[in-house]
Amino acid sequence: MRTGVFGGTFNPIHCGHVLLARTYAAALHLDRVLVIPTYLPPHKAGGQLAGGCHRLNMCRLAFEGDPVCRVSDIELRRGGKSYTIDTVRQMNVRYPGAQLYFPMGSDMLLWFRNWAAYRELLRRVVLVAHLRTGEDAAPVREYAAGLAAEGGTVLFAKAPVFPVSSTEVRALAAKGRPLDGLVPESVAAYIARHHLYTPAAGEA
Ligand code: ATP
């Protein structure tokens, strides 16, 4: 099974994330994409981090009925600092034989040798770097060639960038402004129902 692993804080999940996951699923002919909200201790995230339970619920709402994208609570259950290598090892046990595809921004790729156990990660996953339109791809391709020389596989994909960020969504929610078109409707309703990202919001 060709399996995408798409991690993020998803605080909250927005239409850009949904579009990206679906674009990768189609472009890489993935059989499934596991959407994985990262556990982050609230004291490290600076205030407006919704509890893991809320972030998980919103991801589930965003992908409800999606035949390919599924939400996994693997990192939230594990707690602590979310190292990709730990998640990937768990995936290899849970889905033996699955080829894991790991999409990331090209800025993240250029940092890859600093990741915990990166050589092992290179053996376990196919990296997919997304290049933004107009971006100078030369340094990224050179870095990727170095990783390939170390035995890794790096693919390149053009991914759409939907003009929204979780930061923007939180700022609008804090002012009680509508979130139409920025997050799925069910997610907007969830944010309103639970008063998330309002100045007095509690954590889950
Ligand atoms: P924040 O604004 O809180 O920093 P974010 O919107 O960047 O959050 P993350 O949860 O950090 O969201 O992102 C998870 C992944 O989604 C990252 O790989 C990021 O590159 C990608 N991503 C974020 N926003 C978009 C977008 N608008 N379009 C496409 N991909 C996106």
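Mentor: A residue counts as buried when its relative accessible area is under 20%, and as exposed when that area is over 50%. The model here is predicted.

Trainee: Is cysteine 15 buried or exposed?

Mentor: Cysteine 15 has 19% relative accessibility, so this residue counts as buried.

Trainee: And how buried is cysteine 59 by relative accessible area?

Mentor: Cysteine 59 is buried, with a relative accessible area of 0%.

Trainee: How many disulfides does a search of the whole structure find?

Mentor: The general test is a pair of cysteine sulfur atoms within 2.5 Å. Searching the whole structure gives zero disulfides. For cysteine 15, the nearest cysteine sulfur belongs to cysteine 59 and is 13 Å away. For cysteine 59, the nearest cysteine sulfur is that of cysteine 69, 11 Å away.

Trainee: How should I read burial along a helix?

Mentor: The general idea is periodicity: an α-helix has 3.6 residues a turn, so residues three or four places apart point the same way. Take helix 5, residues 84-94, where Thr84, Ile85, Thr87, Val88 and Met91 are buried. Viewed down the axis of helix 5, these buried residues fall within an arc of 160°, so they line one face of the helix.

Trainee: What covers the buried residues of helix 5?

Mentor: The cover includes strand 2 (32-37), helix 4 (74-78), strand 4 (99-105), helix 7 (118-124) and strand 5 (125-131). Threonine 87 serves as an example from helix 5. Its relative accessible area is 2%, so threonine 87 is buried. Not counting residues up to four places away in sequence, threonine 87 touches Ile36, Ile74, Glu75 and Arg78.

Trainee: Which residues are buried in helix 3?

Mentor: In helix 3, residues 52-62, the buried residues are His54, Arg55, Leu56, Met58, Cys59 and Ala62. They pack against helix 1 (15-27), strand 2, strand 3 (69-71), helix 4 and helix 10 (185-193). Arginine 60 also belongs to helix 3, but is partly exposed, with a relative accessible area of 41%. Leaving aside neighbours within four places in sequence, arginine 60 is in contact with Val71 and Asp73.

Trainee: Which residues come nearest the ligand?

Mentor: Of the 17 residues around the ligand, His17, Phe162, Val164, Ser166 and Thr167 come nearest. For polar contacts, look for pairs of N or O atoms within 3.5 Å. A polar side-chain atom of histidine 14 is 3.0 Å from a ligand oxygen atom. Valine 164 places a backbone N or O atom 2.8 Å from a nitrogen atom of the ligand. A polar backbone atom of serine 166 is 2.8 Å from an oxygen atom of the ligand. On its own the ligand has 610 Å² of accessible area, and the protein covers 73% of it.

Trainee: What backbone features should I check?

Mentor: Check omega and phi. A cis peptide bond, with omega of about 0°, joins asparagine 11 and proline 12. Proline 12 sits in the loop between strand 1 (2-8) and helix 1.

Trainee: Which residue in the loop between helix 6 and helix 7 should I look at?

Mentor: Alanine 117 is in that loop, with helix 6 spanning 106-109. This residue is not a glycine, yet has a positive phi of about 50°. At 35% relative accessibility, alanine 117 counts as partly exposed.

Trainee: Is tyrosine 197 buried or exposed?

Mentor: Tyrosine 197 counts as buried, at 3% relative accessibility. Tyrosine 197 lies in the segment after helix 10 and has a positive phi of about 65° although it is not a glycine.

Conventions:
Residues numbered from 1 in each chain as written. Predicted model: local features only at pLDDT ≥ 70, side-chain atom pairs only at ≥ 80, totals over all residues. Heavy atoms only, no water. Buried < 20%, exposed > 50% of the residue type's maximum accessible area, 1.4 Å probe, protein only. Helix = DSSP H or I, 4+ residues; strand = E, 2+ residues; numbered from the N terminus. Arc of directions from axis to C-beta. Contact = heavy atoms within 4.5 Å. Near = heavy atom within 4 Å. Polar contact = N/O pair within 3.5 Å; in protein donor to acceptor, adjacent residues only side chain to side chain. Areas by Shrake-Rupley, 256 points an atom, 1.4 Å probe, with all protein chains shown as cover.
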